[in-house]
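Q: I would like a close look at one part of this predicted model, namely its largest nonpolar core, and then at what surrounds that core. Please go through it step by step.

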Amino acid sequence: MTSWKGVILTVVLAAIAAGLGAWGGARYVLKANEKPSLHAVLHEELKLNADQLRRLEVIEREFDGTRRLREAKLRQANAELAAAIAAKHQYSPEVQAAVDHFHDEMGQLQKETILHVLQMRAILTPDQAKIFDRRVSEALTEEAR
């Protein structure tokens, strides 16, 4: 009976570790996209006019829905990964499929974020765009330095 308790404990701990690891990776990626906050640059540094602020509000509202949907899909992919690991406790085809699903969702979030950044840039004047471009470059290369 003791060996079954050990197996069950191992299964539970592996599922928890997998879920936490995937969740932590997703949170890291999501937080990395926020440093430095391009929205803060837009609102605080670039001195947007009323029309730009109105257009930015629409862009931000649309992306907020997109981002929330993608984050929900990432959480679902994490749950699939945890279930796949718990089912066999090995790097099975189901685990690989769950990992691939998670990576696909994360890649989609990155693509959608890039499109969002480019939408925000499109409302800027050339001088504002220069500052924005520099901030985007800094945000993308911050970890590489």
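A: In this predicted model, the largest nonpolar core has 14 residues, and those that touch the most other members are Leu42, Leu46, Met120, Leu124 and Phe132. Two or more residues of this core come from each of the elements α2 (38-45), α3, α4 and α5 (126-141). Leucine 124 can serve as a point of entry: once its neighbours within four places in sequence are set aside, leucine 124 is in contact with Leu42, Leu46, Leu48, Gln52, Ala129 and Phe132. Another core lies apart from the largest one; this other core has 6 residues, including Ile85, Val95, Ala98 and Val99. As a general background to such groupings, nonpolar side chains in soluble globular proteins tend to be buried together.

The chain around these cores can be described briefly. Its secondary structure amounts to 5 helices and 0 strands, and along the sequence the pattern reads α-α-α-α-α. Of the 145 residues in the protein chain, 30% are buried. When contacts between residues at least 6 apart in sequence are considered, 74% of them join residues at least 24 apart.

Two of the helices that contribute to the largest core, α3 and α4, also pack against each other. Helix α3 covers residues 50-88 and helix α4 covers residues 93-122, and the two pack at an angle of about 170° with their axes 8 Å apart. Because angles over 145 degrees count as roughly antiparallel, α3 is roughly antiparallel to α4. The contact of α3 with α4 comprises, by class, 16 nonpolar, 7 polar and 10 charged residues. Aspartate 104 belongs to helix α4, and its C-alpha atom is 9.5 Å from that of alanine 77, although the two residues are 27 apart in sequence. With a relative accessible area of 52%, aspartate 104 is exposed.

The loops next to these helices hold two residues with a backbone feature that deserves a check. Lysine 47, in the loop between α2 and α3, has a positive phi of about 50° although it is not a glycine. Lysine 47 is exposed, at 68% relative accessibility. Histidine 89, placed in the loop between α3 and α4, also has a positive phi, near 55°, and is likewise a residue other than glycine. At 35% relative accessibility, histidine 89 counts as partly exposed. The general expectation against which such values are read is that most residues other than glycine have a negative phi.

Charged pairs complete the picture, since the structure holds 12 salt bridges. One of them links α5 to α4: the side chains of aspartate 133 and arginine 121 meet in a salt bridge with an N to O distance of 2.6 Å. This pair connects distant parts of the chain, with aspartate 133 in helix α5 and arginine 121 in helix α4, 12 residues apart. Aspartate 133 is partly exposed, at a relative accessible area of 30%, and arginine 121 is partly exposed as well, at 33%.

Within helix α3, arginine 55 forms a salt bridge with aspartate 51, where the closest N and O atoms are 3.7 Å apart. Both residues lie in helix α3, and their separation of 4 residues corresponds to about one turn of the helix. Arginine 55 has a relative accessible area of 35% and is therefore partly exposed, and aspartate 51 is partly exposed with a relative accessible area of 35%.

A further salt bridge in this helix joins the side chains of arginine 67 and glutamate 71, at 3.2 Å from N to O. Arginine 67 and glutamate 71 are 4 residues apart in helix α3, so about one helical turn separates them. Arginine 67 is partly exposed, with a relative accessible area of 25%, whereas glutamate 71 counts as buried at 14% relative accessibility, the cut-off for buried being under 20%. Salt bridges that share partners join Asp64, Arg67, Arg68 and Glu71 into one network.

Conventions:
Residues numbered from 1 in each chain as written. Predicted model: local features only at pLDDT ≥ 70, side-chain atom pairs only at ≥ 80, totals over all residues. Heavy atoms only, no water. Axes fitted to C-alpha atoms, helices over the stretch in contact; angles between N-to-C directions. Parallel < 35°, antiparallel > 145°, perpendicular 65-115°, else oblique. Nonpolar A, V, L, I, M, F, W, Y, C, P; charged D, E, K, R; others polar. Core = buried A, V, L, I, M, F, W, Y, C linked by side-chain atoms within 4.5 Å. Buried < 20%, exposed > 50% of the residue type's maximum accessible area, 1.4 Å probe, protein only. Contact = heavy atoms within 4.5 Å. Salt bridge = Lys/Arg side-chain N within 4 Å of Asp/Glu carboxyl O.
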